[in-house]
Structure formats: C-alpha cells, structure tokens
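Biologist: I am new to this structure and would like a close look at a single part. Please take me through one residue and its surroundings, then one helix.

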Amino acid sequence: MRHFPADFTWGAATSAYQIEGAARTGGRGPSIWDTFAREPGRVLHGDTGDIACDHYHRFPEDVGLLGQLGVTAYRFSISWPRVQPDGRGPVNTEGLDFYSSLVDALLEYGITPLVTLYHWDLPVPLSYDGGWLSRNTAGRFADYATACHERLGDRVTWWTTLNEPWCSSFLAYAAGRHAPGRTNDREAFVAAHHQLLAHGRATGALRDAAPEAAVGITLNFADVVPASDDEADADAARRVDAIMNRMFLEPIVTGEYPDEVLDLMDASGASDAFADGDLHIVGEPIDFLGVNYYTRHRVLGGSDRQPGSPWAGCDDVAEEAPAHPVTGMGWEICPDGLGVLLARLHRDAPGLPLYITENGAAFPDYANPEGEIRDPARVGFLDAHLREVHAAINDGIDVRGYFVWSLLDNFEWAEGYSQRFGLVYVDYPSQQRRPKDSFWWYADVIASGGLLDRSV
C-alpha cells in the first residue's frame, strides 16, 4: 500500500458559474460569462450556465455526496455578481446567505471549506469600466474579498484569491476563447498584470482582517517542452513557459517578472500598465500555492501562430500534436509531467506548501442499462497522477493535499455541456446525480489513505 501522510487533505473542487445555475435568482447580477455565452458561436451548442447543475437549490444533496465520498475539504468559488451585482458598493445579503448556508452544511459533515474568490465570473458593470483592463478592478476585488470575509470569516479560514489567472487573461484576451472574448496581445498582458495586482491587494486585505487565515492563489501550470531538439523549438518552449508558468509564479514568489515576460510586454506595448510599487503588492507573502495540472504542451518554433492561440507575442510559435493518448478535451495524458512540475515548484518556490487544487479528466461517460457509469479511463488517470504526488512526497516535496476536478459534471466553459469531468454523473434534464465508478474508487482511496501497490 502506498500510504499518504495521515494529515493529507483529500478534496474535490467545483466553481460557481459551472454548477450553481440560478442565474437570475436571489439578487444575482450578470457576469461576463452570462453575456459571453449568449454571443452566437462562443459556446458549443449555445449552452449557458443559466441552470447548470442547479447547485444553488440542490446544494444539500451535493454536500451529502461529498460526505459519502469522505473528503476532508471542498474547494468552491463564490460568484462575485451574486455577492456584489455591480462589482462595487453594498453587498447582496441574499447572495451571501447562500454561501453561509453552504459553509454551515459542509462543517456539519466535518468538511473544511476552501473558498476561491474569483473563478472568472466578473460582474458585467465592471466590464463597462474596462474590466481587467482597468487598474480600478483590482481595488474593487479587494473590497469584495473583504465583504466575503466579513460574512464568512468566522467559519472560513482558508482562502484562494484567483483561480487560473492565465486562463482569464491569455485565453480571454489573446485567444478569444473565454470571456470577454478579445484577441489583443497587449490586453492579455495588461489583464494578467491587473489580476496579479488584485491578488496582492486582496491578500493584504484578508491578512489585515484575519492574520491567522491561510491565504493563497491557484495557478494552472503545464510542463512545457520543445517538440524536438531544434534550437528554435527550445526557444519557443522557453517563451511559452515564461507566459504560462513563470509570469504568474515569479512575481508572487520573488516580486519580479522574468526577463522573457518583460521583453514580451515591452514588444506588445503593455508596460505602461505598470505603476511604481505594483510588484511589491503582487509579492504579498502567501501561505500556500494551489497547483492545477491537466496536461503538457509540446511547442514548435519557426511556425505560424495558430488561430486561437493564447501565446501572446509569440507569432512564430505553434503547438505540436500530442504524442500520447488524450482526454475528451484533446489534452495529452502525461502524469509524469506533474512529477516534473512538483519538483520544479519545490525548487523555485522553496518553503511554500503545495496543494493540487485541480486534477482530472473529461471522458465520454454514459449510463449503461443498469444505470451504472463505468469510467475506467478516469480511474486510471487519477491513479497515475496520485502516484506522482505520492512519489513527490517521498522525495521530500511538501505536497499537503489533492482536490479532484470535479465533484460534478458541469458547464465546461466554451465546450458547454459536451465534456464530463465529474466523479458524479449529472443528467441535466432531470438533474439526477449518479456516482460513477471513479467516485467509489476515490472514496476507497480516501478511506484507506493511499493507493494499492499494483496499478489499476
């Protein structure tokens, strides 16, 4: 048996827009994803998060599933427009009531809440003022963080500021694939900088309000490798790695952007977004780092940038086809990339506790005639990645927890409802929940505290 530490955190994760639904209920205002999803051609099949998994009304059932699963922690996000429909000013008490009830339900099951303050659902009124292209949004975010803490901080002591700011800057402003759907390289760098500034300001605000609270950020990392030994590919990999990984980690850990990022910012004209003291704010110390890992990227230099590419400023970089089997999203399955990443973070962010805050895979799940959902590919995916986590811990790397993505099948952004990541199958017309085989497998892992020595 490959045992994990006795105090290892076992969790599952979700996000507000992907599961809550109730888009016009309880005083919630529209987010940029509500408007983006209604633009023709933005989301597959024209799907929206209006209903999603109806978690807003069904959260007691979903918390009960978490109890069955046996997790010790649950990572969820708060919808900013449900708490502050205008993104500023008075809070919507009914919106905070919902999250207060959710927290109470979790605590009744002995499940620790890990709150993410921003998972991409910016209130629409802030977009009229520039959204993440405006420095003011960083200040509004700190105010919102303070408001959430004032209501929930007596029971929530574990916070992440942002989820995957790479996605909500480069996928959103350079590639046009996420809200607000822009394709402007300069804007991608500006949005990324302002989100990091928002993280720093919110971290400071939470620290002032509750010095004992644990505050961190969740970043999505990838193992970026050159497609060949060619120097052009190696140079492309360095630049893509700088944009995807180093741009977000290094300012937080060291208070400085990498030189490669500064060069790309200068070339795109984004450097004027800086102000004196910004990086000091961004570098506000954090208590832990959330690590989201799904795949690796193999990149080519000397190639034309592909349509929809997020690699801002890298017009000569393309992505090579996967070399291994892929998930339903077309993402290469590469468990050893997680091991490489954890070793790198141990080196580049010494002393910072690590939590795997998202790891999972989409596959074309369906219920058989007996109503069972057999998903051996997902079980194999999770097993292989957890073995990398176990090996990292044995190597002395401070990995303290693992959150599977996701508890429920849900709205998968631009892919709509076509991709299923959940341990629990959701029949959207009826909203019936059915645990998949992976649910019971993960429950056994948690109950036993480890993995069998043989592979699944």
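Modeller: What follows starts with one loop residue, moves to a partner in a strand, and ends with a helix. The model is a predicted one. Thr14 sits in the loop that lies between β2 (9-13) and α1 (16-19). Its relative accessibility is 1%, so Thr14 counts as buried, the cut-off being under 20%. The side chain of Thr14 also makes a polar contact, at 2.6 Å, with the side chain of Tyr74. Beyond its neighbours within four places in sequence, Thr14 is in contact with Ile19, with Tyr74, Arg75, Phe76 and Ser77, and with Trp405, Ser406 and Leu407.

Trp405, one of those contacts of Thr14, belongs to strand β10, which covers residues 399-405. Trp405 is buried too, because its relative accessibility is 3%. From Trp405 to Asp276 the C-alpha distance is 38 Å, with their positions 129 residues apart in sequence.

Now the helix. Helix α7 runs over residues 136-152, which is 17 residues. At 1.5 Å a residue the expected span is 24 Å, and the end C-alpha atoms lie 25 Å apart, so the two values agree. Buried residues in α7 include Thr137, Gly139, Phe141, Tyr144, Cys148, His149 and Leu152. Several alanines of α7 are buried as well, namely Ala138, Ala142, Ala145 and Ala147. The cover over these buried residues includes the helices α4 (80-83), α5 (93-108), α6 (124-128) and α9 (185-209). Strands β4 (112-118) and β5 (158-163) are also part of that cover.

Methods: Residues numbered from 1 in each chain as written. Predicted model: local features only at pLDDT ≥ 70, side-chain atom pairs only at ≥ 80, totals over all residues. Heavy atoms only, no water. Helix = DSSP H or I, 4+ residues; strand = E, 2+ residues; numbered from the N terminus. Buried < 20%, exposed > 50% of the residue type's maximum accessible area, 1.4 Å probe, protein only. Polar contact = N/O pair within 3.5 Å; in protein donor to acceptor, adjacent residues only side chain to side chain. Contact = heavy atoms within 4.5 Å. Expected span 1.5 Å × (residues − 1).
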